There are 2 protein chains.
Amino acid sequence: MTKVTAQMSVSLDGYYAGPRHDGDDGWMESAEAAGFFRVTRWAIDTMGWRERQGFEGGEPDVNSEIITETFEAAGAYVMGRRMAEGGEVPWGDEPPFHAPVFVVTHRPRAVLERQGGTSFTFVTDGVESAVEQARAVTGGKNVAVAGGGSLVRQVLEAGLLDELELHIAPVVLGSGLRLLDDNLRLPDKQAIELTPTRVVHTPGVTHVRYSVNGRAALVLDDRGSGGSGPATVWTE
Amino acid sequence: MTKVTAQMSVSLDGYYAGPRHDGDDGWMESAEAAGFFRVTRWAIDTMGWRERQGFEGGEPDVNSEIITETFEAAGAYVMGRRMAEGGEVPWGDEPPFHAPVFVVTHRPRAVLERQGGTSFTFVTDGVESAVEQARAVTGGKNVAVAGGGSLVRQVLEAGLLDELELHIAPVVLGSGLRLLDDNLRLPDKQAIELTPTRVVHTPGVTHVRYSVNGRAALVLDDRGSGGSGPATVWTE
């Protein structure tokens, strides 16, 4: 069954990049990029290793497996405008998706056909429509929400996301673009419940995959049979 | 060797409680409490189970073990004022610490002696002093930063923290009191690096323990031998 999935590399404090860089150039030298490079290093190291080793068929490094598995599971992508525009030049003639990509944007634009099975379709009637259009062409695989963070938030908030995987890098950035930030508006005493379905840890990154159960009210539990003793030690 | 440690239950989006409740009463019914109860439920469930089973010596539930281990590792505590004042009544005559507690506050106050080995010493000359006073009386065990979140942040920011364990509850709260929030001020392109030393996962919570390596500059890596290809797919 087709699932709507998202995965994101984040710091321990939840940032997927440093503070936002505005302006047309200088991104590579920006604090935004510095944070982004740090949290995605685990993937880059693996890709670099793969290139050096002449992958495929190399040593079954667990991070390589996770990358490969994630690409293979996706039959179509949904993407934010900023990510799509930022990638347009560096991805070149043969972007790595090898699948249809639906870009959520306010700016109408003709479909962009690329080599290797990648196409970019610009969707101007909202994220739900983009997900539906993607779902129609997955061939039974998943719809992967490629990013950026604000799109992942929108999909989660709209109740469209079935699975979320975070790749948690062991670093505290202190500031930047946060995946699950305060713009995720939930009513008071309401939360989104998830179930962890897989945890894979390596020295450079902890991968935690969740299935998204949906919204639930936060109810007062009985604090372990009415006591308010030792348990309050635990946090605040 | 004595380490300075902290552990905290947080939601997947990093909150240890719901939005802050101000005012003298009504906390139990507040959104702050609702969030706090949700992220600490894994511990409460365990404590409740232990009480019902007449612990010690019950089934070796991994969450119970982690709680027991954490209490046993601490020879002294450092605590924020709000937590100490909030706990003063509910903790009663025999608070669960059974060790000296040093409370960081601006308000001088006489030492509070309690039964079972717990005492509260109010430290008015800063967090570093509180940690040092605690370190002097651990008897070789650890100094545990009990919370709340702002104190944990201060200790981390000051470079005093050796170990951080997060108990990540599978829930997105959307708003509230965040442990690693934007008040953790780090210069641009500087981060705090950690090393994951233990990951324990259960259906209700994922425990991730880190040793804190300290501050490091964020440097531009070569993106896997200069390419800017597939890897950029990963986040934004």
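I take two residues to be in contact if their C-beta atoms, placed from the backbone, lie within 7 Å.

**Ground rules.** This is a predicted model, where local features need pLDDT of at least 70, side-chain atom pairs count only at pLDDT 80 or more, and totals for chains, interfaces and linings use all residues. Residues are numbered from 1 along each chain as its sequence is written, and chains are lettered from A and ligands numbered from 1 in the order in which they are written.

**Confidence.** I looked up pLDDT, the predictor's confidence in each residue, from 0 to 100. Chain A has a mean pLDDT of 87, with 87% of its residues at 70 or more. Two stretches of chain A stay under 50: residues 52–59, with three contacts beyond four places in sequence, and residues 225–236, with 35 such contacts. For the complex, the predictor gives an ipTM of 0.89 and a pTM of 0.89.

**Chain A.** I counted helices (H or I, at least four residues) and strands (E, at least two) as DSSP runs, numbered from the N terminus. Chain A has six helices and twelve strands. I called a residue buried if 20 or more other C-beta atoms lie within 10 Å of its own, exposed if 12 or fewer, and partly exposed in between, with C-beta atoms placed from the backbone. Of the 236 residues in chain A, 47% are buried. In helix α1 (residues 31–39) of chain A, eight of nine residues are buried. Among them are Phe36(A), Phe37(A) and Arg38(A).

**The sheet.** I next traced an open sheet of ten strands with mixed pairing (two strands pair if DSSP finds at least two bridges between them). Its order is β9(A)-β11(B)-β12(B)-β8(B)-β1(B)-β7(B)-β3(B)-β4(B)-β6(B)-β5(B). β9 (171–172) of chain A and β5 (112–113) of chain B stand at the edges, each with a single partner strand, so one side of each is left without a neighbour in the sheet. β11 (residues 190–202) and β12 (residues 205–217) of chain B pair antiparallel over twelve bridges. Ala191(B) stands opposite Ala216(B) in β12(B).

**Helices across strands.** Angles run from 0 to 180 degrees between N-to-C directions, and axes are lines fitted to C-alpha atoms, for helices over the stretch in contact. Helix α5 (residues 127–135) of chain B lies across β1, β3, β4, β6 and β7 of chain B, at about 175° to β4(B). Helix α6 (residues 149–157) of chain B lies across β1, β3, β4, β7 and β11 of chain B, at about 135° to β7(B).

**Core.** Leaving aside neighbours within four places in sequence, I found Tyr77(B) in contact with residues including Phe97(B), Phe102(B) and Ala134(B).
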